[in-house]
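User: Could you take a close look at one part of this model for me? I would like a connected walk from a single residue out to its surroundings.

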Amino acid sequence: MLTGESLPVTKRVGDKVIGATLNTSGAFVMVAERVGSATMLSQIVQMVAQAQRSKAPMQRMADAVAGYFVIAVVSIAVLTFFAWGLFGPEPRWVFGLINAVAVLIIACPCALGLATPMSIMVATGRGATQGVLFRDAAAIEKMRQVDTLIVDKTGTLTEGRPRYQTTVAAEGFTASEAVRLAASLDQSSEHPLAEAIVTAAREQGLVLSRAEEFDSHSGIGVRGRVDGHTVALGNTALMEQIGVDVRPLAERAEALRREGASVMHLAVDSVLAAILAVADPVKKTTPQALASLRAEGLRVVMATGDGLTTAEAVAARLGIDEVHGEVKPADKLQLVERLQREGRIVAMAGDGINDAPALAKADAGIAMGTGTDVAMNSAQITLVKGDLRGIAVARALSMATVRNMKQNLMFAFLYNALGIPIAAGALYPLTGWLLSPLIAALAMSFSSASVIGNALRLRGVRLV
């Protein structure tokens, strides 16, 4: 829950365990040292709440301007009434009343009030069709300014589920037979690595045998008998325990580890038969997503609870230069705060409970829809499919939306700047024209319709 690690971690007597995690094998007695508000989960909730409270509310320019605008329009209408009543031609006060009413009607701030909400509403709907959910208008407006992206690894860059990768057979053995024996033995195990091997064997159509005398060695592997052979599958510690020499495949095993894989040794009748590699695969869309984000000038940083070696292997494959491994939830939060102090506009992408404080603190928190509810509740943006390409979509939509809002506001102000003087009778001395309140009402409606039409253009804007 806290590290985001996709594989179980071995615990021994005296080790600390974290509430809400799963015990995958064996049994143990634990002592609850912290309860209620003292638990780690409660502290994470407090960090999320504190990060959310620390955000200053976005001041909406249109709302602020509208407040002064109404006062100005009423003042102009009053001046129009008295100016015509005192200095205009007969019937002076009738002209004054008609022109004052025309000013109030044509200056009705409908277009001004619709300028930003209509753009936001259409953009939110367009984002939803692309699998990008925005929590509020602030998230849409902020996303275009992001220049730094922090990404979690497990479940964000990778799928978060270990999968069988490859088998390297020793001399005298074949890869398919090694997978069959390993899967036959692993049928009795609940370990995620075992599940990956069994799934791979079934996908290859291999016929599995029943394992006898099955024995699980906590944290190092499993042993048993398959088809009359003594079979052991595990790490180097298990091989040393049963006296199996792993040196013939040691170099290949180390190469697989550097690529981010978990390596298991298979021994048959106390002879090394093969090594099997299982890894948490990178999502197919991740390389393309990161390439497009870097092309836009974003600085990409990886922050993960996984071991540094695994994190660096994945980062090297994806071209990420800055990597932070073995970080805790508070460390991710501090990383966001440090980058913000440097003047960066930070987005954080993650999927787990451990990402929640950083998601809440970031200028734009981005949660994977395939992740935890806590992460999605802490973020301002949710990628429904967990596809990082959605970040590029969100940025493009943010830029288009802000541009559209500026166009709407400019049109609303320009309309009022031209309409109010005409309604007040500015053209009467030159042309003898006065604006009827009926025509003013039609013009006001047209301005609102124009703003709505411009906002609806966001439905067809190109995002990728």
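Does Thr156 count as buried or exposed? Please start there, and then show me what lies in the loop around it and in the helices elsewhere.

Analyst: Happy to. Bear in mind that this is a predicted model. Thr156 counts as buried, because its relative accessibility is 0% and the cut-off for burial is under 20%. The residue sits in the loop that runs between β2 (148-151) and β3 (163-169). Setting aside neighbours within four places in sequence, Thr156 is in contact with Lys283, Thr286, Ala349, Gly350, Asp351, Met368 and Leu388.

Thr158 belongs to the loop between β2 and β3 as well. At 0% relative accessibility, Thr158 also counts as buried. Not counting residues up to four places away in sequence, Thr158 touches Lys153, Asp280, Pro281, Val282 and Lys283. Lys283 is thus on the contact list of Thr156 and on that of Thr158. Thr158 also has a long-range relation to Val314: the two are 156 residues apart in sequence, and their C-alpha atoms are 8.8 Å apart in space.

From β3 we can step to helix α9 (residues 250-258), whose buried residues are Ala253, Ala255 and Leu256. Looking down the axis of α9, these buried residues fall within an arc of 160°, so they line one face of the helix. They pack against β3, β7 (262-268) and β8 (271-279). On the face of α9 turned away from the buried side are the exposed residues Glu251 and Arg258. Just after α9, Gly260 takes a positive phi of about 95°.

Helix α12 (residues 329-341) can be read in a similar way, beginning with a check on its length. At 1.5 Å a residue, its 13 residues should span 18 Å, and the end C-alpha atoms are 19 Å apart, which agrees. The buried residues of α12 are Pro329, Lys332, Leu333, Leu335, Val336 and Leu339. Seen down the axis of α12, they fall within an arc of 155°, so they line one face of this helix. The general background is that an α-helix has 3.6 residues a turn, so residues three or four places apart point the same way. Just after α12, Gly343 has a positive phi of about 95°.

Next, a helix pair. Packed helices are described by the angle between their axes and the distance between the axes. For helix α3 (residues 92-106) and helix α17 (residues 437-456), the axes come within 8 Å and cross at roughly 10°. That makes α3 roughly parallel to α17, because angles under 35 degrees count that way. On the α3 side the contact is made by Ile98, Val101, Ala102, Ile105 and Ile106, and on the α17 side by Pro437, Ala440, Ala441, Ala443 and Met444. By class, the residues of this contact divide into 10 nonpolar, no polar and no charged.

The loops on either side of α3 have details of their own. Pro91 is in the loop between α2 (61-87) and α3, and a cis peptide bond joins Glu90 to Pro91, with omega about -10°. Cys108 is in the loop between α3 and α4 (110-129). Cys108 is partly exposed, with a relative accessible area of 27%. The C-alpha atoms of Cys108 and Lys406 are separated by 19 Å, although the two residues are 298 residues apart along the chain.

Helix α15 (residues 389-424) contains Asn408. At 1% relative accessibility, Asn408 counts as buried. Not counting residues up to four places away in sequence, Asn408 touches Ala115, Ser119, Val451, Asn454 and Ala455.

Finally, some backbone angles for your list. Most residues other than glycine have a negative phi, and most peptide bonds are trans. Glu213, a residue other than glycine, has a positive phi near 55°. Glu213 is placed in strand β4 (residues 211-217) and is exposed, with a relative accessible area of 62%. Asp227, in the loop between β5 (221-226) and β6 (229-234), likewise has a positive phi near 55°. At 44% relative accessibility, Asp227 counts as partly exposed.

Notes:
Residues are numbered from 1 along each chain as its sequence is written. This is a predicted model: local features need pLDDT of at least 70, side-chain atom pairs count only at pLDDT 80 or more; totals for chains, interfaces and linings use all residues. Side-chain values use heavy atoms; hydrogens and water are left out. Helices (H or I, at least four residues) and strands (E, at least two) are DSSP runs, numbered from the N terminus. The expected span of a helix is 1.5 Å times one less than its number of residues. Buried means under 20% relative accessible area, exposed over 50%, partly exposed in between (1.4 Å probe, protein chains only). The arc is that of the directions from the helix axis to the C-beta atoms. Axes are lines fitted to C-alpha atoms, for helices over the stretch in contact, and angles run from 0 to 180 degrees between N-to-C directions. Angles under 35 degrees count as roughly parallel, over 145 as roughly antiparallel, 65 to 115 as roughly perpendicular and the rest as oblique. Contact means heavy atoms within 4.5 Å. Ala, Val, Leu, Ile, Met, Phe, Trp, Tyr, Cys and Pro count as nonpolar, Asp, Glu, Lys and Arg as charged, and the others, Gly among them, as polar.
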